[in-house]
Amino acid sequence: TYVPIGIAALNAVAPSHLADLNIAAWREILASVPGGEKTVAFMRGEEDNFFNRYTYEDRRAALALAEAKLSAMGQGLSRWLKTGERGFAVDFAEKLISPALCEAPLLLGFSVFSLGQLPWALAMAKIAREKLGKEARILLGGAAMGALFPEELVAACPFLDGVVSGEGEEPFRAISRGEPNENIPGLTWMGENGTITKKPGWERDIALTPPPDYTGLDITAYLNPEPVFPILLSRGCKWRRCRFCAHNSSYGGYRKRLFANVALEMLSLERNFGARHFYFGDLYVDAPELDELSDEIIRLGAKPRFHILGRPGPGYTPQILRKAYKAGLRWISWGVESGSERLLKLSAKGTTPAGIAEAISNASDAGISSLMMMIYGLPTSGAKDLDETFSMIDRLYHKVDAFTASPFALFTTARFYKNPGKYGLTPLQRHVELWVGENPVHSARVDFLEEGESGKRPPGGEVEADLWRQRRRWLGEVPFIETLSCEHYLLWVSREREGRPTPTFA
């Protein structure tokens with residue numbers, strides 16, 4: 001439900017009409033479920049008790065209902081794309097896209113952030129083609145394209161004029177100028193003779209790229225009592241070696257912005273939209289970068305509250321983290337993955353259990369909330385590795401506010417996939433996200449088997465994650481803050497870490 005940075009980044013290089021159909025869908029569905037309107041008012045701070053845990057838990061019941069309905073509609077749209085069976089979900093998608101179609105646009109682009117949005121975007125692109133005819137140019141782009149195969153998507157979806165992979169500013173600038181397909185970096189399209197062409201993407205010094213422009217988005221539509229914005233210091237990954245990672249496929253090489261410009265962007269968003277809370281979308285912000293960013297924020301006199309992702313190591317010293325707290329850092333999501341030194345080395349993570357413990361302890365001492373992001377079932381993981389992971393968690397549990405537990409997944413873009421036999425993996429078929437008629441649309445995720453004591457077996461990630469969930473019950477109740485969305489986590493933890501009381505009784 002958060003503010004999208006993708007279309008705002010495009011808007012900065014070629015001003016356009018922005019519509020966040022994702023939040024529009026949430027708001028429309030919430031209006032239709034019991035308690036939905038009250039929930040919207042509550043989440044937007046209109047009831048003046050957003051930080052009351054019990055009222056919050058009561059109000060968000062409607063969110064679960066809305067999410068279930070949206071999920072069912074996504075399935076209904078997938079069914080329509082595959083079989084042509086039209087249902088209520090198609091009517092709903094047509095209602096969402098109709099304001100844009102009333103403008104009779106000559107160019108219509110869908111920025112797809114996550115694969116869960118794919119059936120929605122494809123369904124609305126198909127509806128748009130039926131309404132607008134061949135005169136309109138309909139394109140797909142966004143971060144999710146890095147997890148798909150654009151040639152396959154173009155072949156399966158004749159209602160699309162092309163798919164843009166990778167970073168979108170330069171392609172969008174060229175598209176908006178009316179450039180021919182051959183001049184658009186990152187574009188994949190089908191020619192009149194049925195030949196599919198894919199142009200290489202682009203990479204530019206992002207210091208030359210203007211900050212995202214949110215003009216045109218209704219910031220009051222989002223489910224927060226005050227604005228919470230995404231922000232980027234860098235693109236790509238500075239480390240770029242983890243063998244399990246598939247995130248780099250959306251970016252060119254690693255580049256970072258000037259720290260002063262990032263701090264100025266925070267200040268600008270506060271002045272223009274009243275935003276004081278920001279979550280960094282970088283793959284991670286290392287300790288030296290955090291230190292320089294903190295210096296610039298303090299120098300400017302800005303008063304943000306923000307979140308980063310970190311790769312935990314001894315570089316996050318008490319001095320750096322205390323300064324970061326002063327600059328407004330309130331929460332770090334740590335890419336821990338495992339407490340097994342052997343698995344960390346195998347994954348080329350570049351961290352150690354001792355370094356992880358030091359970073360998280362230093363953050364706790366500085367007053368910064370920590371979330372540990374774990375991957376269970378990494379290749380060759382065994383009982384000893386899991387015991388070492390659980391032992392590390394036991395030692396750090398009182399210093400950590402939240403955990404995530406993700407079973408290991410194999411992607412064609414990850415290094416583990418390049419030499420799977422070396423890591424005891426046997427790749428099978430690529431995962432089918434949906435069908436368009438008789439044409440499958442695969443993602444980069446690959447089903448696989450792994451070597452076990454008695455031969456090949458299904459992946460063990462789900463089993464290990466379930467063992468963690470069982471163990472978690474003995475460690476204590478799941479903290480309330482762990483159950484919150486990223487925007488609300490940041491809002492709540494910012495309040496709590498500054499000593500402002502959060503009511504505990506309705």
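Helices here are DSSP runs of H or I with at least four residues, and strands are runs of E with at least two, numbered from the N terminus. The model is predicted.

**Stop 1: the largest cavity**

Select Glu337, Ser338, Leu343, Ile375, Tyr376, Gly377, Leu378, Ser381, Asp385, Leu386, Thr389 and Glu464, which line the largest cavity. Strand 12 (369-376) and helix 15 (383-396) are the elements that give two or more residues to this lining. Helix 15 supplies the largest share, 3 residues. The space inside is about 50 Å³. Coloured by type, the lining shows 5 nonpolar, 4 polar and 3 charged residues.

**Stop 2: the second largest cavity**

The whole structure holds 2 cavities of 30 Å³ or more. For the second largest, select Met266, Leu267, Glu270, Ala275, Arg276, Phe278, Ala302, Lys303 and Pro304. These residues enclose about 30 Å³ of space. Helix 10 (residues 259-273) gives the most to the lining, with 3 residues. By type, the lining has 6 nonpolar and 3 charged residues, and no polar ones.

**Stop 3: helix 9**

Now select residues 169-176, which form helix 9. Of its 8 residues, 6 are buried, so the helix is largely enclosed by the rest of the structure. Buried here means under 20% relative accessible area. The buried positions are Glu169, Glu170, Pro171, Phe172, Ala174 and Ile175.

To see what they pack against, add helix 1 (5-13), strand 1 (107-111), strand 2 (137-141), strand 3 (162-164) and strand 7 (234-235) to the selection. Finish at Gly178, just after helix 9, where phi is positive at about 80 degrees.

Methods. Residues are numbered from 1 along each chain as its sequence is written. This is a predicted model: local features need pLDDT of at least 70, side-chain atom pairs count only at pLDDT 80 or more; totals for chains, interfaces and linings use all residues. Side-chain values use heavy atoms; hydrogens and water are left out. Buried means under 20% relative accessible area, exposed over 50%, partly exposed in between (1.4 Å probe, protein chains only). Contact means heavy atoms within 4.5 Å. On a 1 Å grid over the protein atoms alone, a cavity is a set of points where a 1.4 Å probe fits but cannot get out, and a pocket is an open set with protein on both sides within 12 Å along at least five of seven lines; lining residues have an atom within 4 Å of a point. Grid points are joined across faces, edges and corners, and a volume is the space filled by probe spheres set on the points. Ala, Val, Leu, Ile, Met, Phe, Trp, Tyr, Cys and Pro count as nonpolar, Asp, Glu, Lys and Arg as charged, and the others, Gly among them, as polar.
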